[in-house]
Amino acid sequence: MAFPHRNSVQRAVDLLGVLLVSSPDPASVAQVLREHGEPDVSLSPDDVSELRAAAVSLREVFAAPDVASAASVLNALFAAYAGPPRLTDHEAGYGWHLHVDAADDGPWGAWLVTSSALGLASLLAERQDVPGGLCASPACGKPFAHTGGGSPRKFCSSRCATRERVAAHRARG
């Protein structure tokens, strides 16, 4: 069975990739949001700042060293941002799905934290393991999600894994 919150988890990873820089590019952030189904995205500088602050908070889930720590971070995010669960279809036929933010037109930062935390918490509960990590490449450090089976990942991509293998091989040589 496919993991039902996979899209929100991948969206979080993709957004953190463009938000966890010193000055996020609003066009890049909007592009990621559009790629993940958000229509007519128009972000003010305050929106981008709010999304960046949310991304910094979410990064702590990926940085958690173990499942209990990840659960603790997620519980703190729910306590700070989430409201009662509610079903919504956004009045536009998206299909019914669960939200824990206050409203469909609420602040971008709260939406990012709550929708991402819900997906990450579901992944943690399903796998009984940390829902992701930070790339072990010192040149990278980007968040990635553990959404599939197999061995736990250490790198965000095969590119980073290959770069580190080559560097280790050269250091031995």
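Is Asp-101 buried or exposed? This is a predicted model, and in it Asp-101 has a relative accessibility of 7%. The cut-off for buried is under 20%. Asp-101 therefore counts as buried.

Asp-101 has a charged partner. Arg-86 forms a salt bridge with Asp-101. Their closest N and O atoms are 2.9 Å apart. The count for the model comes to one salt bridge. Arg-86 sits in strand E1, residues 86-88. Asp-101 sits in the loop between E2 and H5. The two residues are 15 apart along the chain, and the pair links distant parts of it.

Strand E2 spans residues 97-99 and holds Leu-98. The relative accessible area of Leu-98 is 38%. Partly exposed covers the range between 20% and 50%, so Leu-98 is partly exposed. Leu-98 also belongs to a nonpolar patch on the surface. Leu-87 and Trp-96 complete the patch. Together the three residues offer about 370 Å² of accessible area.

Next comes the largest pocket. Rolling a probe the size of a water molecule over the atoms shows where empty space is left. The largest pocket holds about 820 Å³ of space. Its lining is made of 25 residues. Closest to the centre are Glu-38, His-90, His-97, His-99 and Trp-111. Which elements give two or more residues to the lining? They are helix H1 (6-19), E2 and helix H5 (108-127). H5 gives the most, with four residues. By character, the lining divides into nine nonpolar, 11 polar and five charged residues.

Helix H5 leads on to another site. Gln-128 lies in the loop between H5 and strand E3 (132-134). Its phi is near 55°, a positive value in a residue other than glycine. Is Gln-128 buried or exposed? Its relative accessible area is 61%. Exposed means over 50%, so Gln-128 is exposed.

Last, helix H3. This helix runs over residues 45-63 and includes Ser-57. Ser-57 has 21% relative accessibility. Buried would need a value under 20%, so Ser-57 counts as partly exposed. Ser-57 can also be placed relative to Leu-15. The two are 42 residues apart along the chain. Their C-alpha atoms are separated by 13 Å.

Terms used: Residues are numbered from 1 along each chain as its sequence is written. This is a predicted model: local features need pLDDT of at least 70, side-chain atom pairs count only at pLDDT 80 or more; totals for chains, interfaces and linings use all residues. Side-chain values use heavy atoms; hydrogens and water are left out. Patches are made of residues with over 30% relative accessible area and no salt bridge: like charges are joined within 9 Å, nonpolar side chains (Val, Leu, Ile, Met, Phe, Trp, Tyr) within 5 Å. Accessible areas come from the Shrake-Rupley method with a 1.4 Å probe; for residues, only the protein chains shown count as cover. A salt bridge is a side-chain nitrogen of Lys or Arg within 4 Å of a carboxyl oxygen of Asp or Glu. Buried means under 20% relative accessible area, exposed over 50%, partly exposed in between (1.4 Å probe, protein chains only). On a 1 Å grid over the protein atoms alone, a cavity is a set of points where a 1.4 Å probe fits but cannot get out, and a pocket is an open set with protein on both sides within 12 Å along at least five of seven lines; lining residues have an atom within 4 Å of a point. Grid points are joined across faces, edges and corners, and a volume is the space filled by probe spheres set on the points. Ala, Val, Leu, Ile, Met, Phe, Trp, Tyr, Cys and Pro count as nonpolar, Asp, Glu, Lys and Arg as charged, and the others, Gly among them, as polar.
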